[in-house]
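Please lead me through this protein chain, from its overall make-up to its strands, its helices and its less common backbone features. The account should take the form of connected paragraphs.

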Amino acid sequence: MTRSAPIGRAAASLAGAVLAVPLAAAPAGAVALAGAVAPADPGGAPVSARVRDVQGAGHVSPLNGRDVTGVGGVATAVTDGGFWMQDPAPAGTGTGSSGIFVFTRTRPQVRPGDAVRVSGRVSEFRPGGSGSSNLSRTEIDATETVVSSHDQPLPPPVVLGGPKGRRAPASFPAVPRDAETDRTFDPKSDPLAFYSSLEGMRVRVENAVVVGPTRDGALPVLPAGGAGTSGAGTSGAGTSGPGTSGAGTSGAGTSGAGADGAGNSGAGAGDRTRRGGSLAGPGGLPDPARIVLSDALAPLPSADVGDRLPGPVDGVLDYTAAGFVLLPTATPARANGGLKPQAAPPAGQDELSVGTLNLEGISPDTPSDRIGQLADDLVHGLASPDLVTVTGVEDNSGAADDGTVAADQTVSELITAISAAGGPAYEWRSVAPHDNADGGERGGNGRIGFLFRSDRGLAFADRPSGSSDLGAPGVPDLAVAPTHVQPDGRGGARLTLSPGRVAPSDPAWAETRKPLAGELTWRGRRIVVVANHWYGRTSADPIAYGRRQPLDRPSEARREAQAKVVADFVRTVRRAAPDADVIVTGNLGTGDGSPALRALTAPDVGLRDLSSELAPRDRYTADSGGAAEDLDHILLSPALAKRPHRYQIVHRASEFADRAGDHDPSLVRITLAPPAKPASDPVAQPGGPAERPDAPLPAP
């Protein structure tokens, strides 16, 4: 039995399976908080205390490191390594918690409803280890537990949300601080203090609405159907069907809707998505009213966004590597909210359609039904686009770390599944990485690639001709050879390698996927596409309910550096051809307004992020524990952005518990006429040498 056992699968997943260790006893006066009992030197005589004395009015116990004796309460829930107990005498609103976890190392001989008295040492247990930015959980490491009676009534739960329940503060404090050493502890203004004041206590949510799908043993909800949040009443209540929302249209020089109809340019904490989810606030923060249910004590139902949990859900509030979680003591009932996956309409005859799809690490070891579901997303969800930039394709041996880097078998299974789903014939272009050089799952060698169909006028410029994932004539190592931009002698720009990697040796791409550039033609019009899968969030990034506030993600600096490399590449293309058609796509791992996105949309780069054309409540591609975020993007250069286009995030993955992936695909359809030819220029015949996309570059 390890100390992380009560965390459950949800927190274990988010914690990266890092073993937590107890917090060292604090020296006298080091963590004294306003209203707290003065700390004493460790090793003194045992202290007779109540639970509220142990918890104190702060994040760290004023008795941390002290031995306590005869701490009384009623057992409320039991797990393999301990139990929760609560003093039946209320601690009072806004003061320290009257509940606590008792660590026993093995499964205790205690049942819910037992009246107990506990002796032991007060400690602070920090999920994730002593160097983690997580808060610590106050607990008693028991040396003796005495059961004085059975079948006692459980203390009544504290109701959260709704007209009669306690409501979390509406926003997180913006002042930089360490929540554990800061002397301010105000549950009325700080969500961390609000939930800390309930740590270990019985808590109830009533008639909750699901705002994120069940994943990894966690289910995010809003109490009371979302009443009391700033976005209450704005969602579509889960009734929208395929293709009914999420589309933005833009004519020449006119962007689509960038506001929600009320003049709001962005989302704040408490805002709801059109389909019933909860939009992330600034910096990716969740709505403070959101409660995450965890399966540590009872199984959770498989639920989608918009589903309801009718009636009360009772449990104990715990702190884990995932933050504050409610551990239901019985499986909640679920009522279907009726949400359906969306599907985009097909492209028109003169529209080039370009989509994004995250395949979430497929390989020949992936179950065929999962590959079939991803193929269905492409064929029916995205309406079989002309071009799809793909992330998450692993090598032929999957996670086996055996030196394999080729992915032709993986791609073959995917293309076969697309055909079986009724899709057209697709071709594949990519560059294989060096073994274990591009991050992701060790041995998997995940990569970026292009899937394209050529039956509607799209052609890929293979340069050098005959190149493949594993090499090309005259190019010894495509994994490290950068593609360059050269003028084509006719006012345009061409790539020296297509497909080719963008600055693969730049430190920004160390141990992460390198961007892949490809040159294509659409009915004679040249287009440069750059597909990306940027550095993701890591366990080094603090969680919303961590001790270091406000939330800051160190990984964002990596993404900003990567954005600058891609921006420099686009500048180079546009210097060679100011009116070049450039599309940048992929999982950028960062949202609208971030420094990384601003680097791509800077005036001297000129890209337009199509997500900004959507109303905020449609602007999301992923759900991070009940916080909907726009992490995947399609950006257009000015020459394409001024063309009539239709952009849509197709919500068919992030909101559902049973989907193969967890990122929504997106799609843009751009109306493109054939390029105008000067009257003095000879008109090349289709297929003539000058018009072939793999024609050699002109002599310098």
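A residue is called buried when its relative accessible area is under 20%, exposed when that area is over 50%, and partly exposed in between. Asp568 has a relative accessible area of 40%, and is therefore partly exposed. Asp568 belongs to helix 6, which spans residues 555-576. In sequence, Asp568 and Asp604 are separated by 36 residues, while in space their C-alpha atoms are 9.7 Å apart. This description, like everything that follows, refers to a predicted model.

The protein chain as a whole may be considered next. Its secondary structure consists of eight helices and 33 strands. Of its 700 residues, 57% are buried. Among contacts with a sequence separation of 6 or more, 73% are between residues that lie 24 or more positions apart.

Strand 10 offers a starting point for the strand pairings. Strand 10 covers residues 202-210 and runs parallel to strand 8 (residues 158-160), to which three bridges join it. One of the residue pairs here is Leu160 with Val205, the latter in strand 10. Strand 10 also pairs with strand 14 (residues 308-320), in this case antiparallel and through seven bridges. In that pairing, Arg204 is placed opposite Asp314 of strand 14. A further antiparallel partner of strand 10 is strand 11 (residues 218-222), joined to it by two bridges. Here Val210 is set opposite Val221 of strand 11.

The chain beyond strand 11 leads to Gly225, which is situated in the loop between strand 11 and strand 12 (247-250). With a relative accessibility of 25%, Gly225 counts as partly exposed. Leaving aside residues up to four places away in sequence, Gly225 touches Glu206, Asn207, Ala208, Val209, Arg272 and Arg308. Gly225 and Gly162 are 63 residues apart in sequence, yet the distance between their C-alpha atoms is 8.2 Å.

A second set of pairings centres on strand 16. Because ten of the twelve residues of strand 16 (residues 351-362) are buried, this strand is largely enclosed by the rest of the structure. Six bridges connect strand 16 with strand 33 (residues 666-671) in an antiparallel arrangement. Val354 has Val668 of strand 33 as its bridge partner. Strand 16 is also joined by six bridges to strand 17 (residues 387-393), and these two strands run parallel. In this pairing, Thr356 is matched with Thr389 of strand 17.

The packing of two helices comes next. Helix 4 (residues 368-381) packs against helix 5 (residues 408-420) at an angle of about 60 degrees, and their axes are 8 Å apart. The two helices are therefore oblique to each other. The crossing of helix 4 past helix 5 is right-handed. Helix 4 contributes Ile371, Gly372, Ala375, Leu378 and Val379 to the contact, and helix 5 contributes Glu413, Leu414, Ala417 and Ile418. By class, the residues of this contact comprise seven nonpolar, one polar and one charged.

Some details of the backbone complete the account. Most residues other than glycine have a negative phi, and most peptide bonds are trans. Against this background, which residues have a positive phi although they are not glycine? Asn436 has a positive phi of about 60 degrees, and Asn445 has one of about 50 degrees. Asn436 is located in the loop between strand 18 (427-430) and strand 19 (447-452), and Asn445 also lies in the loop between strand 18 and strand 19. Asn436 has a relative accessible area of 23% and is therefore partly exposed. Asn445, at 3% relative accessibility, counts as buried.

The peptide bonds also call for attention. Arg463 and Pro464 are joined by a cis peptide bond with omega of about 0 degrees. Pro464 lies in the loop between strand 20 (458-460) and strand 21 (485-487). A cis peptide bond also joins Gln549 and Pro550, with omega of about -5 degrees. Pro550 is in the loop between strand 26 (548-549) and helix 6 (555-576), and helix 6 is where Asp568 is placed.

Definitions and conventions: Residues numbered from 1 in each chain as written. Predicted model: local features only at pLDDT ≥ 70, side-chain atom pairs only at ≥ 80, totals over all residues. Heavy atoms only, no water. Pairing = 2+ DSSP bridges. Helix = DSSP H or I, 4+ residues; strand = E, 2+ residues; numbered from the N terminus. Axes fitted to C-alpha atoms, helices over the stretch in contact; angles between N-to-C directions. Parallel < 35°, antiparallel > 145°, perpendicular 65-115°, else oblique. Left-handed = near helix turned anticlockwise from the far one by under 90°. Contact = heavy atoms within 4.5 Å. Nonpolar A, V, L, I, M, F, W, Y, C, P; charged D, E, K, R; others polar. Buried < 20%, exposed > 50% of the residue type's maximum accessible area, 1.4 Å probe, protein only.
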